[in-house]
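Visitor: I am new to this structure and would be grateful for a close look at a single part of it. Please describe how that part is built and what surrounds it.

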Amino acid sequence: MTPIIYWFRNDLRLHDNPAFEKACCLAEQSRCELVPVYCHAIEQTTRWGFTRIGPHRRHFVSTAVAGLSEAITSAGSRLIELTGPCAEALPGLARSLGAERIVCETIAAPEEEDEVAALRQAGMMVDEVWQSTLLEPGTLPFASKDLPDVFTEFRRVVEKAAIRPRRPLPERDRLPPLPTGLVPSRASTSIPSMTPDPRAAFPCTRPEYHGSESAALAHLRRYMARQLPHSYKLTRNKLAGLDDSSKFSPWLAVGALSAPQIHAHLVTFEAEHGASESSYWLWFELLWRDYFRLLQRKYGRRLFRASGLKGNASPPHDTSAFERWRCGQTGHALIDAGMRELAATGYISNRMRQIVASYLIHELGCDWRAGAAWFESCLIDFDICSNQGNWLYIAGYGTDPRGGRRFNPDKQAAEHDPDGNYRALWSAP
């Protein structure tokens, strides 16, 4: 039998990876080899003039891939690392191996769907597995096309139906063998050097905050052991602290951690320490994450139009104002502090993301897509569905019934930085 290729995308883990488990089972049933593969993205420049993957995001992804490579080696196989467009690199590898089948996770976003379509056009058989949500779409009490257009209604229906997540899958101790003679290259796993910034709210240069699955699981265990779910709702809107929010999002973004894993640990935590309104809020935020993914399944490419779901008009754009915003030179101390933090560390709090996004759109009159692209470049926890969904939400081009969300920056500063400590911390790059 010819080998099976498993293509790691945004699921860089061996624990609780249903798509990878499917590939392993297929290889065992067919008595053939399994080839684990990761494709490194090439450098690209956005239409707005900056690199598509900035240094912090590239560093974090690199540490995630390096951790995956080590885990696969420990399980008796090797990770094959390729560089270049997946639609070219994977068929080339398949031809050299005589492979015809690729297994991978499903990602419901235009470019990712185009990659799979190109692989099929090249003659590859591609088996996709949906696995990125907490709740499996097939368990929901509505079809994808009938997803409620308001999050609150979605949450109400899901909770009324008492939908529960699947149980996490265990890690495999041993993996199916590689094809004889296949020698993987380890050159691509080199991690770009980064200068630590002691102000970082997510210090990705420290080993315990690298992108690996082992770091993700260790953080999850620490978070629960310190009983931080009981303070989550009270602290999640603070601006700069390491413990202010769960900090799960970077590992969720690269797939080093799955939503069902978080939920399973939360259930155990609540059984031992009691449930609270605050611990419930972690479930609430995981539902928001699901909602943006399901919204992408429902509307697809329409969410990437200039005006989203709201017609054909293009939003305005001021190139000079955008550059001032991007560089933290707007003249508003809170906005500039947030943008400096983002550029210096690749991370800002959820509250600051909303504030700076609102400022770009509603105060500076700029195209929301430029802001979304800058977040894509910078954020170590960039996630295509959540990023697109949140920017549409602020701009008023998504499903939100209020038609956009303007955050008064002076009011936000008074509420969330009353003593000015955050602005002082980031008064300089």
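Guide: The account below takes up the annotated domain and its sheet, and then turns to one residue in a helix outside that domain.

The model is a predicted one. The UniProt record, in an unreviewed entry, lists residues 2–134 as "domain: Photolyase/cryptochrome alpha/beta". Within residues 2–134, helix accounts for 43% and strand for 20%. The C-alpha atoms at the two ends of this span are 34 Å apart.

The strands may be considered next. An open sheet is formed by 5 strands, arranged in the order β3-β2-β1-β4-β5, and their pairing is parallel. The edges of the sheet are taken by β3 (80–83) and β5 (125–129); each has a single partner strand, so one side of each is left without a neighbour in the sheet. On average, and with direction ignored, neighbouring strands of the sheet are turned by 30° against each other. At the β5 edge, that strand pairs with β4 (residues 101–105) in the parallel sense, over 5 bridges. In this region I102 has V126, in β5, as its bridge partner.

Two helices accompany the sheet. Helix α3 (residues 86–97) packs on the sheet and touches β1, β2, β3 and β4. The direction of α3 makes about 150° with that of β2. Helix α2 (residues 55–74) lies across β1 (4–8), β2 (34–40) and β3. Relative to β2, α2 runs at about 165°.

From the domain, attention may pass to Q261, a residue of helix α9 (residues 259–273). The relative accessibility of Q261 is 6%, and because buried means under 20%, Q261 counts as buried. Apart from neighbours within four places in sequence, Q261 is in contact with R13, H15, D16, P168, L217 and L220. Among these contacts, L217 and L220 belong to helix α6, where they take part in the meeting with α9.

The pairing of these two helices completes the picture. Helix α6 (residues 213–225) packs with α9 at an angle of about 25°, and their axes are 10 Å apart. Angles under 35 degrees count as roughly parallel, so α6 is roughly parallel to α9. The crossing in which α6 passes α9 is right-handed. On the α6 side, the residues that meet α9 are L217, L220, R221 and M224. On the α9 side, their counterparts are Q261, I262, H265, L266 and F269.

How values were computed: Residues are numbered from 1 along each chain as its sequence is written. This is a predicted model: local features need pLDDT of at least 70, side-chain atom pairs count only at pLDDT 80 or more; totals for chains, interfaces and linings use all residues. Side-chain values use heavy atoms; hydrogens and water are left out. UniProt positions are given in the numbering used here, feature names are shortened, and annotations may be inferred rather than shown by experiment. Helices (H or I, at least four residues) and strands (E, at least two) are DSSP runs, numbered from the N terminus. Two strands pair if DSSP finds at least two bridges between them. Axes are lines fitted to C-alpha atoms, for helices over the stretch in contact, and angles run from 0 to 180 degrees between N-to-C directions. Contact means heavy atoms within 4.5 Å. Buried means under 20% relative accessible area, exposed over 50%, partly exposed in between (1.4 Å probe, protein chains only). Angles under 35 degrees count as roughly parallel, over 145 as roughly antiparallel, 65 to 115 as roughly perpendicular and the rest as oblique. A crossing is left-handed if the near helix is turned anticlockwise from the far one by less than a right angle, and right-handed if clockwise.
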